[in-house]
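Q: Got a minute to go through this one with me? I have it open and want a quick tour.

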Amino acid sequence: MVPDRNTNISSCLVKVASVLSKLHNAERRAAEIIISNPDDVIHFSITELAEASGSSEATIVRLCKTLGYKGFQELKIRLAQDVVAPPRQIYEAIEKEDAPATIKKKVFDSHIRALADTLKVLEDVAFGRAVDALSSANHVEFYGTGGSGPIALDAYHKFLKIGIKGLASSDSNLQLMSAALLGPGDVVVGFSHSGGNKEVIEALTLARNAGATVIAITNYGKSPILRTSDIVLFTASRETSFSIDAVASRVAALAIVDSLCAAVSIKLYDQSFTNLKKTREATVSKKY
């Protein structure tokens, strides 16, 4: 039975309940978790739901298709639209009655918390390995789509300033073509908050199969992107994609990019300092 949620029965939960008796065992277990714990499921990755239900990611995808959704991300969005109050779909901590000053404080508090939590889960060993890989790379590429696209571009911009040449792309076709041409000594940094972006994962897999080192920057937890990455740097934010661009998670990812760039600059100090002067001088005429 679908639980009573303040007399407003979720259309997504109704869909899940309506197909429950027709599902095979593994799909039924996943569906029962969705029904009994919808508030938790909206924060799950596809891997986490698969493990919680003792099934597989393929099973979760089949369940989503059965429900008429394109994939797990759409299921979470539909589920969140029903179990999360509308103001919290804009920003999770916000209430409809909040004054502008209160909203400002909550947004800033969310960013501060995401940065503090990210610092706790960002492992020193993994971070050091990423710095070493970037410092010795022949060529560095940054991949991200949607809200992660600007982060990839920001990373490219920062590393170019210190002389690390490469490419940033938010186009999945360009990512695939470029990844296919990489090889040993090259590095790819992939950004995906959910860790389940199929386009980015496909490009990272191709790059890794070609011999490149793959660094993933993703939210803490188990997700498909972990399987195709050599080094994983975690952010920590409970935002999901039904809120506005998961802004706090993007702030955390940008902080990781800044930290990586600063650490690489120090590791390659003379080279970085020289290149930073060159790139600054090249654009000086653009400023008053």
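**Working through the chain**

A: Sure. Take F273 to begin with: F273 is partly exposed, at a relative accessible area of 44%.

Q: Which helix is F273 in, and where is Y269?
A: Both Y269 and F273 sit in helix 14, residues 269-282. They are 4 residues apart, about one turn of the helix.

Q: How are the two rings of Y269 and F273 arranged?
A: There are 2 aromatic pairs by the rule used here. In the Y269 and F273 pair the ring centres are 6.1 Å apart and the planes make 5°. Planes under 30 degrees apart count as stacked, so this pair is stacked.

Q: And Y269, buried or exposed?
A: Neither. Y269 is partly exposed, with a relative accessible area of 48%. The cut-offs are under 20% for buried and over 50% for exposed, so Y269 falls in between.

Q: Step back a bit. What kind of model is this, and what is its mean pLDDT?
A: The model is predicted. Mean pLDDT for the chain is 87, and 90% of the residues reach 70 or more.

Q: Where does pLDDT stay under 50?
A: Over residues 1-9. The model has 14 contacts for that stretch beyond four places in sequence. Where pLDDT is low, predicted coordinates should not be read in detail.

Q: How many helices and strands?
A: The chain has 14 helices and 5 strands.

Q: How is the sheet ordered?
A: It is an open sheet of 5 strands, order 2-1-3-4-5, with parallel pairing. Strand 2 (166-169) and strand 5 (231-235) are the edges, and each pairs on one side only. From one strand to the next the twist averages 15°.

Q: Which helices pack on it?
A: Helix 9, residues 124-135, is one of them. Helix 9 touches strand 1 (139-143), strand 3, strand 4 and strand 5. Its direction makes about 125° with that of strand 5. Helix 13, residues 247-267, packs on the sheet too. Helix 13 touches strand 3, strand 4 and strand 5, and its direction makes about 130° with that of strand 5.

Q: Stay with strand 3. How many bridges join it to strand 4?
A: 6 bridges, between residues 186-192 of strand 3 and residues 213-219 of strand 4. The two strands run parallel. V187 has T213 as its bridge partner in strand 4, and V188 stands opposite V214.

Q: What about strand 1 and strand 3?
A: Those two also run parallel, joined by 5 bridges. H139 has D186 as its bridge partner in strand 3.

Q: Why call strand 3 largely enclosed?
A: Because 7 of its 7 residues are buried, strand 3 is largely enclosed by the rest of the structure.

Q: Which residues of strand 3 point which way?
A: D186, V188, G190 and S192 point one way. V187, V189 and F191 point the other way, and all of these are buried.

Q: And strand 4, how covered is that?
A: Mostly covered. 6 of the 7 residues of strand 4 are buried.

Q: Whole chain now. What share is buried?
A: Buried residues make up 45% of the 288. The accessible surface comes to about 14800 Å², with 57% of it belonging to carbon and sulfur atoms.

Q: And the share of contacts from residues 24 or more positions apart?
A: They account for 68% of the chain's contacts with a separation of 6 or more.

Q: Change of topic. Where is L67, and is it buried or exposed?
A: L67 lies in the loop between helix 5 (57-66) and helix 6 (72-83). L67 counts as buried, at 6% relative accessibility.

Q: What is L67 in contact with?
A: Neighbours within four places aside, L67 contacts K15, V16, V19 and L75. L67 and K15 are 52 residues apart in sequence, and their C-alpha atoms are 6.4 Å apart.

Q: Last one: R28. Which helix, and what does R28 touch?
A: R28 is in helix 2, residues 25-36. R28 is partly exposed, with a relative accessible area of 25%. Not counting residues up to four places away in sequence, R28 touches L20, S21 and L23.

Q: How far is R28 from S55?
A: Their C-alpha atoms are separated by 9.8 Å, and the two residues are 27 apart along the chain.

Key: Residues are numbered from 1 along each chain as its sequence is written. This is a predicted model: local features need pLDDT of at least 70, side-chain atom pairs count only at pLDDT 80 or more; totals for chains, interfaces and linings use all residues. Side-chain values use heavy atoms; hydrogens and water are left out. Two strands pair if DSSP finds at least two bridges between them. Axes are lines fitted to C-alpha atoms, for helices over the stretch in contact, and angles run from 0 to 180 degrees between N-to-C directions. Contact means heavy atoms within 4.5 Å. Rings of Phe, Tyr and Trp (its six-membered ring) pair if their centres lie within 6.5 Å; planes under 30 degrees apart count as stacked, over 60 as edge-to-face and the rest as tilted. Buried means under 20% relative accessible area, exposed over 50%, partly exposed in between (1.4 Å probe, protein chains only). Accessible areas come from the Shrake-Rupley method with a 1.4 Å probe; for residues, only the protein chains shown count as cover. pLDDT is the predictor's confidence in each residue, from 0 to 100.
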